[in-house]
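Thanks for sharing this one. Here are my notes, set out point by point so that you can follow along in the viewer.

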Amino acid sequence: MTQPGFFDLLSFGPDGWAKALLAGAWMTILIALSGYTIGAVIGTFGAWAKISGGKTLRVAADAYTTVLRGIPDLLVIYLLYFGGSAAITSIGRLFGADGFISFPGFLAGALAVGITSGAQHTEVFRGAFKAVHRGEIEAAIACGMSRSLRFRRIIAPLTLRHALPGLGNVWQVVLKESALVSITGVVELLRQSQIGAGSTGLPFDFYLIAGLIYLAISTVSSIAMRQAERRFSRGVRRG
Amino acid sequence: MDWEFTQETFVSLVSALPLTLSLAATAITLGAILALALALARTSGILVLDWFARAYVFVFRGTPLLVQIFLIYYGLSQFPAVRHSIFWPVLRDAYWCAVMALSLNTAAYASEIIRGGLLSVPHGQVEAARACGMPRLMVFRRIVLPLAIRQALPGYGNEMISMIKATSLASIITIMEVTGVAARIISETYRAIEVFVVAGFIYLAINFLLTRLVQLVEFKLSPHLRQPENAAQMAIAGDAR
């Protein structure tokens with residue numbers, strides 16, 4: 001048997017893995033996007049708790065960010081994947097189901113990525129809120145805006161503008177972290193490359209291709225982020 | 001929570017701690033040397049070196065660490081030339097592959113931190129040193145590097161913490177460090193929460209100590225920013241009056 005060349009692997013033909021790898025890349029993006037969204041929601045609440053929550057809420061949010069930034073992401077994935085499976089199995093037993101039920105890897109992965117990135121989101125949002133000028137909020141109060149109107153028209157857009165660079169960084173981290181979800185067996189980009197490496201005996205080629213695809217995704221998203229930053233700071237004078 | 005099980009888990013996880021620490025320490029040390037070289041290449045003004053360092057940082061920061069580990073551990077063995085070379089005993093060993101991937105990876109992040117430190121050294125300091133007649137190397141050793149290290153230290157502390165966290169990925173290529181042992185116990189017993197709490201506690205403890213250590217070094221390295229002790233006491237006495 002002759003081994004396929006590097007570019008044969010990238011073709012759509014019978015020897016080609018292009019279709020499978022693209023599907024994997026799509027799955028990677030889906031995991032990263034869902035994790036990122038979950039993280040953004042957690043981060044919004046976390047930042048709110050840290051800024052205007054009572055003492056209990058503040059302590060809880062501080063504990064959350066400290067813990068999640070101090071332990072490896074891989075542990076969180078293990079916790080949710082195995083812990084989730086154990087929980088589901090015992091729930092299943094209550095309803096008379098026998099044997100082991102495994103927690104869906106995608107859900108465990110997205111949740112784990114979301115929970116870890118939530119800690120970073122919290123800090124990004126909190127820092128961005130701090131950068132909003134008191135004067136803007138005072139002016140809004142002086143105009144007679146209600147709390148919700150103030151948040152919607154003044155605080156949220158300004159915070160978002162200051163948060164954009166930080167949000168871009170978090171996205172890059174989340175994208176790379178999504179590779180860890182491959183241990184749950186979800187066929188994302190890295191898992192697909194492992195499968196390809198196993199069945200062709202060409203691990204170097206496959207992991208190289210995977211690396212290039214990750215590089216492409218992160219490059220495209222950093223260009224998009226830069227565009228967004230430019231668009232949302234139209235009203236700011238630049239030196 | 002089952003106390004006996006928690007204790008057993010703690011004992012087996014702590015016995016894996018030396019491996020985690022040695023992975024992290026080796027990778028951070030090797031990575032720091034490489035990072036310094038990369039930062040110097042970036043600031044050298046020599047176009048080829050500059051672009052090499054840029055490309056290196058771009059590639060290693062743009063791809064997941066796990067892909068880099070797999071590329072070195074599984075990927076390199078694809079080539080017969082590697083398998084028959086004198087490096088094979090090293091490249092066959094999961095531990096050294098993990099160390100290599102971690103070092104190469106942290107070097108990319110740390111080089112940017114060090115570069116920031118190097119750029120922050122005020123020009124006047126260098127000029128003064130030159131005016132004193134110091135040769136280039138001595139200016140670098142006595143003036144630029146100490147100031148740059150002081151400036152880069154807080155950022156470098158964060159990078160060291162992420163390296164401690166990153167050693168957990170070595171468990172995926174069969175290395176039984178803390179996360180590896182934790183994963184084994186979880187998959188044997190399915191008691192994820194207890195094991196997670198114990199393992200998380202160990203990592204938090206390491207990172208807490210590391211943060212404190214960096215703060216201590218930072219304090220020692222910045223005597224010029226502190227008030228002299230007796231001056232501080234005098235100020236307090238003055239306030240009391």
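Which residues does Ile77(A) touch, not counting residues up to four places away in sequence? Please keep in mind throughout that this is a predicted model.

1. To take that question straight away: Ile77(A) touches Ala108(A), Gly109(A) and Ala112(A), and also Leu180(A), Val181(A), Ile183(A) and Thr184(A), when residues up to four places away in sequence are not counted. Ile77(A) is also worth a look for its place in the largest nonpolar core, where it is one of the residues that touch the most other members.

2. Staying with that core, it holds 114 residues. Besides Ile77(A), the residues touching the most other members are Tyr78(A), Leu66(B), Ile69(B) and Ala182(B). The element that gives the most to this core is helix 7 of chain B, residues 94–120, with 14 residues. As general background, nonpolar side chains tend to be buried together in soluble globular proteins.

3. Now the contact between the chains: 28 residues come from chain A and 30 residues from chain B. On the side of chain A that touches chain B, two or more residues each come from helix 3 (55–70), helix 4 (73–94), helix 8 (189–200) and helix 9 (203–232) of chain A. Helix 9 of chain A provides the largest share, 10 residues. By class, this side of chain A has 22 nonpolar, 5 polar and 1 charged.

4. Gly196(A) sits in helix 8 of chain A. Is Gly196(A) buried or exposed? It is buried, because 21 other C-beta atoms lie within 10 Å, and 20 or more is the cut-off for that class. Neighbours within four places in sequence aside, Gly196(A) is in contact with Trp17(A), Ala20(A) and Phe206(A). Lys176(A) is 20 residues apart from Gly196(A) along the chain, and their C-alpha atoms are separated by 20 Å.

5. In chain B, I would look at how helix 3 (residues 47–62) meets helix 7: their axes come within 9 Å and cross at roughly 120°. The two helices are therefore oblique to each other, and their crossing is left-handed. Helix 3 of chain B brings Ala53(B), Tyr56(B), Val57(B), Phe60(B) and Arg61(B) to the contact, while helix 7 of chain B brings Leu104(B), Asn105(B), Ala108(B), Tyr109(B), Ser111(B) and Glu112(B). Sorted by class, this contact has 7 nonpolar, 2 polar and 2 charged residues.

6. Leu65(B) belongs to helix 4 of chain B, residues 65–75. With 20 other C-beta atoms within 10 Å, Leu65(B) is buried. Setting aside neighbours within four places in sequence, its contacts are Ala101(B), Asn105(B), Ala166(B) and Leu169(B). From Leu65(B) to Pro89(B), 24 residues apart in sequence, the C-alpha to C-alpha distance is 23 Å.

7. Finally, two backbone details to check by eye. Most residues other than glycine have a negative phi. Thr174(B), however, has a positive phi of about 70°, and Tyr190(B) has a positive phi of about 55°. Thr174(B) is in the loop between helix 9 (136–166) and helix 10 (178–189) of chain B, and is exposed, with 11 other C-beta atoms within 10 Å. Tyr190(B) is in the loop between helix 10 and helix 11 (192–221) of chain B; having 16 C-beta neighbours inside 10 Å, Tyr190(B) counts as partly exposed.

Terms used
Residues numbered from 1 in each chain as written. Chains lettered and ligands numbered in written order. Predicted model: local features only at pLDDT ≥ 70, side-chain atom pairs only at ≥ 80, totals over all residues. Contact = placed C-beta atoms within 7 Å. Helix = DSSP H or I, 4+ residues; strand = E, 2+ residues; numbered from the N terminus. Nonpolar A, V, L, I, M, F, W, Y, C, P; charged D, E, K, R; others polar. Core = buried A, V, L, I, M, F, W, Y, C linked by C-beta atoms within 7 Å. Buried ≥ 20, exposed ≤ 12 C-beta atoms within 10 Å, placed from the backbone. Axes fitted to C-alpha atoms, helices over the stretch in contact; angles between N-to-C directions. Parallel < 35°, antiparallel > 145°, perpendicular 65-115°, else oblique. Left-handed = near helix turned anticlockwise from the far one by under 90°.
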